[in-house]
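New to this one? Have a look at the model below, and then we'll walk through a few of its features.

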Amino acid sequence: MTPRAKHLSLFSMMLLLLIMVGLLQSWNVALTILNLCLISAIMTLGVNIQWGYAGLFNAGVMGFTALGGLAAVIVSVPAVPEAWQAGGSRTMLGLCFGGISIGIAVVTWLKTANWGKNRYWLTGAVVAAGYAVMRVTVDPGIAAIEAVEPAKTGFLGGFGFPILFAWLVGGAFAAGAAWVVGKIALGLRSDYLAIATLGISEIIIYFLKNEDWLTRGVKNVNGLPRPVPYEIDLQSAVWIQTWAERLGIPVIEASSIVVKLSYAALFLSVLLVVFWLSETALKSPWGRMMRAIRDNEIAASAMGKDITWRHLQVFVLGSAVVGIAGAMLTTLDGQFTPASYQPLRFTFLIWVMVIVGGSGNNLGAVIGGFVIWFFWIEAEPIGLALMDLITAGMDTDSALRHHLMENAAHMRLMTMGLVLLLALRFAPQGLIPEGKR
Amino acid sequence: MSNFAIVPGLAYGSQLALGALGVTLVYGVLRFSNFAHGEIMSFGAMVTILVTWALQARGINLGPLPTALLALPVGIAITIGLCLVTDRLVYRYYRQTKTQPVTYLIVSVGVMFFLGGLIRFIIGPNDQVFNDGTRFIMKASAFKEMTGLNQGLAIKASQSITVVTAVIIVCVLFWFLNKTRAGKSMRAYSDNEDLALLSGINPERVVMITWIITGALACIAGTLYGLDKSYKPFTFLQLLLPIFASAIVGGIGNPFGAIAGGFVIAFSELFVTFAYKKVLAYLLPIGFAPDGLVQLLSTDYKFSVSFMILVIVLLIKPTGLFSGRAL
């Protein structure tokens, strides 16, 4: 089978699976899965840029996703004028102080290279003083902001721009964070990057959960504006009613299908753009250089390539793509819930997608995102059915059967672990291998 | 002050140190960062809990001590079995094909997923409390009567058990590493693989011993953590970061460093998030007592402290405080 035929058959099988879900369960479920498949595919493209092109292990996908979500909130939510009045300027001033003191600390550190031990003490003192000034300025401001109608707002709000704009901002946020992490951890051994990114992603989540003035924390931000029409508005539109009648489905279902389809169209266009860009980059001299660095760092550096800088570059690019996907995810959900970010779901599952799909190959990453997300969702009904079958011989009220049925949902973690291990062992190239160029 | 910082710090530090020892040993001998370590700890704690329940159902207990201590040996044995089985089924193949460390790392992520699912499948995702011993060995009021001071000091039984167990384990471990043949061969293998092979050390045996020690340490650390706080499957993934930080801060691959790193991380977490209000109220003249809690960082950021320390160490001294292997 030629590679092209293989790719085609893989994607058509995927489509067939989705259609089957549509026929057996409902079209709404199928479209929900499709939308998240598309977002997952964009995330895997981002991770694939880091891992497949450059061999960098990023264990902080969750953090970058969440930063994308934060961007969606800041860009799209209308500002809360009372909160700005209560403590906005004070908080902003404090944050400026914080920024300035970081700047001073960095300058101190750089300018005192030959001061010996004093260098550490001086920099430490600058950091401590800057932190104290920032806290003293910021704390009352934050308290004032959070006191403004805590049940409804209690945060600064955002800029009230269209939410589509947030997708770009999300990318920028993630890129900024990635630059800082990369500066610290790149250039050391690969394990350090993994641990450092794992750490930064946890911290980002803690930050989002606790800084109520910015994100409302665990109180969540609901009702983000949408880039597509609302179901209620659609239901009163005449063309929907005629269509629903012609197809013989209820108007309510028809409207939600239309909404999901328009999301799918938006996501698909982003996916195509990102895919096209990464393919072009991979085929360009830049892509050749990245692969050369990945395959043999020493040889590449002997040819005059700046390895650390190139790694930083590719790390920032990949994280930006993940950030875009994160903003899209929050847009789709229509709400920002910091507590929902779990490393298993947002970091390690994406890794399973990349490895199973085929690292180094963008098409592979996309199919990996589709397949794994599909089975992640469908593992639950399948697992339940399986458990039902296995335990069918047992008494209906036997404790073991009850326990097995109750915990069948956790089967999917096990399944994913098994899939990853089997893929690494028997098909380390993934579904669609990178191939020779 | 000692009530809320020093005593919990010692207990938490011992738990981290035991965890970090496992990570550091696997790193030293097998040369990869084991992301599944948190789940191994969780697995060990889970087995201990199940055995504890079985014992409790038969009415067996240790009086004032928690029954879990009686169940611990069984937990250790099963956890060791788990480690050996995963090594045989999963890691050995990559060792034989001499794969890059980063592939190992991804493999350990797969193991983490699998174990996480298995644990939730067996015991469910909920909170389990299995500490049935006495809660306090010294109550705040009793301490006041004894010393006549007006501030109480309370020591939870689980905290002192943690510290005592950790001290015993660490002593045994160091005796093993420094005095026995097997321990010496392990250190030799960790220092220089080729030289160790030349002098006739059997690598498979070294790896096996490493997994046995790691399994035992992980099970003990997980159980102690569960006794002290409570057992929740998902907390162990969060513990991974402070454990890694401890191992790296102390110098990865260096057992002594892992212990020191554990205490450094534990105490800095507690001191940075400690509310200094009462201390300041003592030190400052009357009337100057601050209004707020005077925390350097709010308690929710506990985990970020370990990361900050990690970053500082990475920037200033990448080999760690006790000069482990440079990564």
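## A buried threonine

This is a predicted model, and our tour starts at one residue. Thr210(B) has a relative accessible area of 0%, so this residue counts as buried, the cut-off being under 20%. You'll find Thr210(B) in helix H9 of chain B, which covers residues 203–228.

What does Thr210(B) touch, leaving aside residues up to four places away in sequence? The contacts are Leu25(B), Val26(B), Val29(B), Leu30(B) and Met186(B).

## The second largest pocket

Next up is a pocket with a volume of about 1,100 Å³, the second largest. Its lining takes in 38 residues, and those nearest the centre are Trp51(A), Gly55(A), Gln100(B), Val102(B) and Thr103(B). Sorted by class, the lining has 18 nonpolar, 14 polar and six charged residues.

Several helices supply at least two lining residues each, among them H2 (27–54) and H14 (307–333) of chain A, and H3 (68–96) of chain B. The largest share, four residues, comes from H4(B).

## Chain A as a whole

Chain A is built with 18 helices and zero strands. Its C-alpha trace spans about 75 × 60 × 50 Å along the principal axes. The radius of gyration is 24 Å, which agrees with the value near 22 Å for a compact globule of 437 residues.

As for packing, 51% of the residues of chain A count as buried. Among contacts in chain A with a separation of 6 or more, 81% are between residues 24 or more positions apart. The accessible surface of chain A is about 20,100 Å², with 70% belonging to carbon and sulfur atoms.

Notes. Residues numbered from 1 in each chain as written. Chains lettered and ligands numbered in written order. Predicted model: local features only at pLDDT ≥ 70, side-chain atom pairs only at ≥ 80, totals over all residues. Heavy atoms only, no water. Buried < 20%, exposed > 50% of the residue type's maximum accessible area, 1.4 Å probe, protein only. Contact = heavy atoms within 4.5 Å. 1 Å grid on protein atoms, 1.4 Å probe; cavity = no way out; pocket = protein on both sides within 12 Å on 5 of 7 lines; lining within 4 Å. Points joined across faces, edges and corners; volume = space filled by probe spheres on them. Nonpolar A, V, L, I, M, F, W, Y, C, P; charged D, E, K, R; others polar. Rg over C-alpha atoms; globule rule 2.2 N^0.38 Å. Areas by Shrake-Rupley, 256 points an atom, 1.4 Å probe, with all protein chains shown as cover.
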